[in-house]
Amino acid sequence: MGVEVILNQFLILAAVLFVMGVYGLLVRRNAVMVLLAVELMLAAVNINLVAMEAFWQTTEALGQILAVFIITVAAAEVGIGLAIILLIFRNRRSANVDELDLMRW
Amino acid sequence: MGFEDWIAEPLNWVFAVIALATVVSGFRVVTSPNVVHAALFLVAALAGTAALFLLLAAEFLAWVLVLVYIGAVIVLFLFGIMITRAPTGRDESNLDHKRRLPAALVSLALLALLLWGLISQWGDTTIDRITAGTPTTVLGEGLLGRFVFPFEVVGFVLLAALVGGITIARRDLSPAEEKEWESK
């Protein structure tokens, strides 16, 4: 009898994490908290990729390589995102996303 | 395959514990009224993710996650929280929107859609063999062989993010300060 690990248990866990990220994205007002929720979603995507890699067993570990790229780009995104939030806070004394309605029609 | 078979596998015990910890801390990330706690719960959620990577034989990626996220990104977040003076106390009114119910409904609808898709597609498909570990050699050869161009592009993205971050966040000098700077 082989190892009885179901693929779906990882995918469903990733889906739950992703959905919690979506909820945080919608409900948080503070821009830093919105970025935290985005990080949660990216972690869920990485779980999906690594689980699929364990399932397909590609010879070049393609899923893991893609996850490496996602981690790198996410790190860059956090750096830029926090710099922008810092600038917004400096200019408007607030980092709440619902108060940034300058360009709203 | 029944639940008894599933729970008989020791790996699934480990998975259940990690999954519970990850989901609980992920939930606290988006609901905690204290922003510093939310960032620290993200550490726990990411540590759970790294443990899942270890379970799935992706050692290198697990440690990359620990070093890059828990080591660097969370520190950035804590700096961001401190600098923007986010409400660190229990000031819930300023942190969340009032309209939580629609957001929760949208999230639950998305979850139902994802679950329906996943279950109808994969069902009880098992991961046949979880290997002892992906050799880092494979990742290195992939990154510097077939994927060398994306690798270089990502390196350039990091450089651009570094320069852009400094340029965006730098404080412009006031005219008086600028005059003082020129006179030196």
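Of the 184 residues in chain B of this predicted model, 24% count as buried. That is a good place to start our walk, since chain A makes a natural companion figure: buried residues make up 55% of its 105 residues.

Let us stay with chain B for a moment. Its secondary structure comes to eight helices and one strand, and reading along the sequence gives the pattern α-α-α-α-α-β-α-α-α. The C-alpha trace of chain B spans about 80 × 50 × 25 Å along its principal axes. Its radius of gyration is 23 Å, where a compact globule of 184 residues would have one near 16 Å. As for how the chain meets itself, residues 24 or more positions apart account for 58% of the contacts in chain B with a separation of 6 or more.

Now turn to chain A, which has three helices and one strand. Here the strand comes at the start of the pattern, which reads β-α-α-α along the sequence. The C-alpha trace of chain A spans about 60 × 25 × 20 Å along its principal axes. Its radius of gyration is 18 Å, against a value near 13 Å for a compact globule of 105 residues. Among contacts in chain A between residues at least 6 apart in sequence, 48% join residues at least 24 apart.

Within chain A, have a look at helix H2 (residues 31–56) and H3(A), whose axes lie 9 Å apart at an angle of about 175°. Angles over 145 degrees count as roughly antiparallel, and H2(A) and H3(A) are therefore roughly antiparallel to each other. From H2(A), the residues that meet H3(A) include Leu35(A), Leu42(A), Val45(A) and Leu49(A). On the H3(A) side, the residues include Leu66(A), Ile70(A), Ala74(A) and Gly81(A). The residues of this contact divide into 16 nonpolar, four polar and two charged.

H3(A) also leads us across to the other chain. The axes of helix H3 (residues 62–92) of chain A and H4(B) come within 10 Å and cross at roughly 10°. With angles under 35 degrees counted as roughly parallel, H3(A) and H4(B) are therefore roughly parallel to each other. Among the residues of H3(A) in this contact are Val68(A), Ala75(A), Gly79(A) and Leu82(A), and they meet a set in H4(B) that includes Leu61(B), Leu65(B), Val68(B), Ala72(B) and Leu76(B). By class, the contact of H3(A) with H4(B) has 16 nonpolar, three polar and no charged residues. A few residues of H3(A) appear in both helix contacts: Gln64(A), Ala67(A), Ile71(A), Val78(A) and Ile85(A) are listed facing H2(A) and also facing H4(B).

Stepping back to the whole interface, 78 residues of chain B are in contact with 61 residues of chain A. Several elements of chain B each supply at least two residues to the side that touches chain A, among them helix H2 (10–31), helix H3 (35–55), helix H4 (59–83) and helix H7 (148–169). H5(B) gives the most to this side, with twelve residues. By class, the side of chain B that touches chain A has 55 nonpolar, 15 polar and eight charged residues.

The strands take part in the meeting of the chains too. Two bridges join strand S1 (residues 5–6) of chain A to S1(B), and the two strands run antiparallel. To find this pairing in the structure, look for Ile6(A), whose bridge partner in S1(B) is Thr126(B).

Note on methods:
Residues are numbered from 1 along each chain as its sequence is written. Chains are lettered from A and ligands numbered from 1 in the order in which they are written. This is a predicted model: local features need pLDDT of at least 70, side-chain atom pairs count only at pLDDT 80 or more; totals for chains, interfaces and linings use all residues. Two residues are in contact if their C-beta atoms, placed from the backbone, lie within 7 Å. Helices (H or I, at least four residues) and strands (E, at least two) are DSSP runs, numbered from the N terminus. Ala, Val, Leu, Ile, Met, Phe, Trp, Tyr, Cys and Pro count as nonpolar, Asp, Glu, Lys and Arg as charged, and the others, Gly among them, as polar. Two strands pair if DSSP finds at least two bridges between them. The radius of gyration is taken over C-alpha atoms; the globule rule is 2.2 Å times the number of residues to the power 0.38. A residue is buried if 20 or more other C-beta atoms lie within 10 Å of its own, exposed if 12 or fewer, and partly exposed in between; C-beta atoms are placed from the backbone. Axes are lines fitted to C-alpha atoms, for helices over the stretch in contact, and angles run from 0 to 180 degrees between N-to-C directions. Angles under 35 degrees count as roughly parallel, over 145 as roughly antiparallel, 65 to 115 as roughly perpendicular and the rest as oblique.
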